[in-house]
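Here are some short exercises to work through with the sequence and the viewer side by side. Try each task before you read its solution.

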Amino acid sequence: EEGEVPIFHDGPCRSIYSSEGRFIHEMEKGNMYRTRDPDKALVYFLPFSVVRMVQYLYMPDSHDRHGMKLAITDYVNLITQKHPFWNRSLGADHFMLSCHDWAPFTTSFVPLLFHKSIRVLCNANTSEGFNPSKDASFPEINLKTSEMSGLGGQSPSTRSTLAFFAGRLHGHIRSLLLNEWKGKDRD
């Protein structure tokens with residue numbers, strides 16, 4: 001329950017970061033996926049939003065992420081001091097989810113979060129610290145409204161787009177994909 005909106009317990013439900021916000025909201029509802037008894041929990045969700053940290057704590061073009069570092073460091077320190085669950089596994093049974101490109105970097109501010117906790121990331125680049133032996137990749141969706149109806153789109157055999165990514169050519173995979181497909185399709 002620690003942390004306050006908008007950085008904690010909230011996330012964007014419209015935009016390319018919809019997966020992050022929708023997941024946080026589903027977890028907050030607490031009906032199907034959540035127990036209020038920590039002794040019954042199999043894993044512990046860390047409900048912070050990297051998207052919201054960037055939105056509220058980062059000054060555009062400043063290259064100063066100190067506010068984000070303080071927020072994540074203070075939050076994990078609070079969890080470790082208040083609850084025994086992090087300390088018994090050093091965070092290995094805790095997970096976070098983010099669809100922002102800065103999530104791997106943001107989690108690096110807390111070494112145990114980066115190296116031990118499960119990081120569910122839409123940005124699953126091993127060149128940026130994604131560890132497939134403990135981390136999980138999560139699909140990114142771009143919801144125009146906060147409604148989830150109509151997800152999935154056309155059947156794969158009728159789709160005209162084979163692959164999509166947004167952002168720069170960071171990571172090894174994006175460069176490989178671009179080299180393979182660039183100029184080979186009129187679109």
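The exercises below deal with a predicted model and go from the whole chain to single residues.

**Exercise 1. The overall fold**

Task: Find how many helices and strands the chain has, and in what order the elements run.

Solution: Start by counting. The chain has 7 helices and 4 strands. Next, walk along from the N terminus: the order is α-β-α-α-α-β-α-α-β-β-α. Then turn to the dimensions. The C-alpha trace spans about 55 × 35 × 35 Å along its principal axes. A compact globule of 187 residues would have a radius of gyration near 16 Å, and the 18 Å of the chain agrees with that.

**Exercise 2. Inside and outside**

Task: Work out what share of the residues is buried, and what share of the exposed area comes from carbon and sulfur atoms.

Solution: First the inside: 37% of the 187 residues are buried. Now the outside: the chain exposes about 11,600 Å², with 55% of that area supplied by carbon and sulfur atoms. Finally, look at the contacts. Of those with a separation of 6 or more, 57% are between residues 24 or more positions apart.

**Exercise 3. The cysteines**

Task: Identify which cysteines form a disulfide, and say where they lie.

Solution: Recall that a disulfide is a covalent bond between the sulfur atoms of two cysteines. A search of the whole structure finds 1 disulfide. Its partners are cysteine 99 and cysteine 122, with sulfur atoms 2.0 Å apart. Cysteine 99 sits in the loop between strand 2 (94-98) and helix 5 (103-107), and cysteine 122 in the loop between strand 3 and strand 4, so the bond ties together parts 23 residues apart in sequence. Cysteine 99 counts as buried because its relative accessibility is 1%, and cysteine 122 is buried too, at 16%. That leaves cysteine 13, which is in no disulfide: the nearest cysteine sulfur, that of cysteine 99, is 12 Å away. Cysteine 13 is also buried, with a relative accessible area of 13%.

**Exercise 4. Two buried residues and their contacts**

Task: Locate valine 50 and asparagine 125, then list what each one touches beyond its neighbours within four places in sequence.

Solution: Take valine 50 first. Valine 50 belongs to helix 2 (residues 50-57) and is buried, at 0% relative accessibility. Its contacts are Glu20, Met96, Ser98, His100, Trp102, Ala103 and Thr106. Aspartate 37 is 13 residues away along the chain, and its C-alpha atom is 26 Å from that of valine 50. Now move to asparagine 125, in the loop between strand 3 (118-121) and strand 4 (136-137). Asparagine 125 has 10% relative accessibility, so it counts as buried, and is in contact with Phe130, His170 and Gly171.

**Exercise 5. Backbone exceptions**

Task: Find which two residues a cis peptide bond joins, then decide whether histidine 9 is buried or exposed and do likewise for histidine 63.

Solution: Begin with the background: most residues other than glycine have a negative phi, and most peptide bonds are trans. The cis bond joins valine 5 and proline 6, with omega about 15°. Proline 6 lies in the segment before helix 1 (18-29), and histidine 9 is in the segment before helix 1 as well. Histidine 9 has a positive phi near 60° and is buried, at 14% relative accessible area. Histidine 63 has a positive phi of about 60° and lies in the loop between helix 2 and helix 3 (66-82). With 69% relative accessibility, histidine 63 counts as exposed.

Conventions: Residues are numbered from 1 along each chain as its sequence is written. This is a predicted model: local features need pLDDT of at least 70, side-chain atom pairs count only at pLDDT 80 or more; totals for chains, interfaces and linings use all residues. Side-chain values use heavy atoms; hydrogens and water are left out. Helices (H or I, at least four residues) and strands (E, at least two) are DSSP runs, numbered from the N terminus. The radius of gyration is taken over C-alpha atoms; the globule rule is 2.2 Å times the number of residues to the power 0.38. Buried means under 20% relative accessible area, exposed over 50%, partly exposed in between (1.4 Å probe, protein chains only). Contact means heavy atoms within 4.5 Å. Accessible areas come from the Shrake-Rupley method with a 1.4 Å probe; for residues, only the protein chains shown count as cover. A disulfide is a pair of cysteine sulfur atoms within 2.5 Å.
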